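User: Let's go through this structure together, with the reason behind each label. Please start wherever the picture is easiest to build.

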Amino acid sequence: MDDCIFCKIIAGEIPSSRVYEDELIYVFKDINPKASVHLLVIPKQHIARLDHATQEHASLIAHMMLSLPKIAESQGLDNGFRTIINTGPGGGQEVDHLHIHILGGAKMPGFN
Ligand code: 5GP
Ligand code: ZN
């Protein structure tokens, strides 16, 4: 997607603070952190929203989810973390490239 800012981050056309990368996913620090640790986990393949994912993306989505604990632990979140996926305008999604938020550490916003 030519006009997708997260695709541009993956391509290195927009700078980002990368914390992890493999053949399928790219992980970087949120530019406007809502907690001491606030990361975004994105697939290198452009999928706009979670509700655009299909069965053909099943192994990719599983890889994203199963990578979260080690990514969180690598950033010092050894006591747990929160994951959020905003989907569509009704879910508060602002960037139309699927992303999983990882939040944790001090200054974690209340949610209960
Ligand atoms: P959403 O509301 O779509 O779930 O979250 C999008 C997130 O992307 C927001 O938390 C926002 O701060 C972050 N974000 C938007 N543009 C950029 C950017 O250019 N670089 C980084 N690192 N984060 C961004
Ligand atoms: Zn994209």
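User: Leaving aside neighbours within four places in sequence, which residues is Val41 in contact with?

Analyst: Val41 is in contact with Ile25, Val27, Met64, Leu68, Ile71, His99, Ile100 and Ile102, once those close neighbours are set aside. "In contact" has a plain test: two C-beta atoms, placed from the backbone, lie within 7 Å. Before we go on, residues are numbered from 1 along each chain as its sequence is written, while chains are lettered from A and ligands numbered from 1 in the order in which they are written. This is also a predicted model, where local features need pLDDT of at least 70, side-chain atom pairs count only at pLDDT 80 or more, and totals for chains, interfaces and linings use all residues.

User: Why is Val41 called buried?

Analyst: Count its company: Val41 has 23 C-beta neighbours inside 10 Å. A residue is buried if 20 or more other C-beta atoms lie within 10 Å of its own, exposed if 12 or fewer, and partly exposed in between, with C-beta atoms placed from the backbone. So 23 puts Val41 in the buried class. Val41 sits in strand β3; strands (E, at least two residues) and helices (H or I, at least four) are DSSP runs, numbered from the N terminus. Here's a nice detail: Val41 and His99 are 58 residues apart in sequence, yet 5.4 Å apart in space, C-alpha to C-alpha.

User: What makes β3 and β5 a pair?

Analyst: Two strands pair if DSSP finds at least two bridges between them. Five bridges join strand β3 (residues 37-43) to β5, so they pass, and they run antiparallel. One partnership to look for is Leu40 with His101 in β5. On top of that, β5 has three bridges to strand β4 (residues 82-84), also antiparallel, and there Thr83 stands opposite Ile102.

User: Which strands make up the whole sheet, and in what order?

Analyst: It's an open sheet of five strands, in the order β1-β2-β3-β5-β4, with antiparallel pairing. The edge strands are β1 (18-21) and β4, as each pairs on one side only. From one strand to the next, the twist averages 20°; the axes here are lines fitted to C-alpha atoms (for helices, over the stretch in contact), and angles run from 0 to 180 degrees between N-to-C directions. At the β1 end, β1 and β2 form a hairpin with three residues between them. That pairing has three bridges, with Tyr20 opposite Val27. Strand β2 (residues 25-29) is then joined to β3 by five bridges, where Tyr26 stands opposite Ile42.

User: How do you know that β5 is largely enclosed by the rest of the structure?

Analyst: Four of the five residues of β5 (residues 100-104) are buried, so the strand is largely enclosed.

User: What makes a set of residues a nonpolar core, and which ones touch the most other members here?

Analyst: A nonpolar core is a set of buried Ala, Val, Leu, Ile, Met, Phe, Trp, Tyr and Cys residues joined through C-beta atoms within 7 Å. The largest one here has 19 residues, and Val27, Phe28, Leu39, Leu40, Val41, Ile42 and Ile102 touch the most other members. The elements giving two or more residues to this core are α1 (5-10), β2, β3, α2 (58-74) and β5. Its largest share, five residues, comes from β3. In soluble globular proteins, nonpolar side chains tend to be buried together.

User: Why is Thr87 called partly exposed, and why is Asp51 called exposed?

Analyst: Thr87 has 14 C-beta neighbours inside 10 Å, which lies between the two cut-offs, so Thr87 is partly exposed. Asp51 has 11, so it falls under "12 or fewer" and counts as exposed. Thr87 is in the loop between β4 and β5, and Asp51 is in the loop between β3 and α2. Not counting residues up to four places away in sequence, Asp51 touches Thr87 and Gly88. By the same kind of count, Thr87 touches Arg49, Leu50, Asp51 and Gln93.

User: How do you know whether Gln55 is buried or exposed?

Analyst: Gln55 has 7 other C-beta atoms within 10 Å, so it is exposed. Gln55 lies in the loop between β3 and α2.
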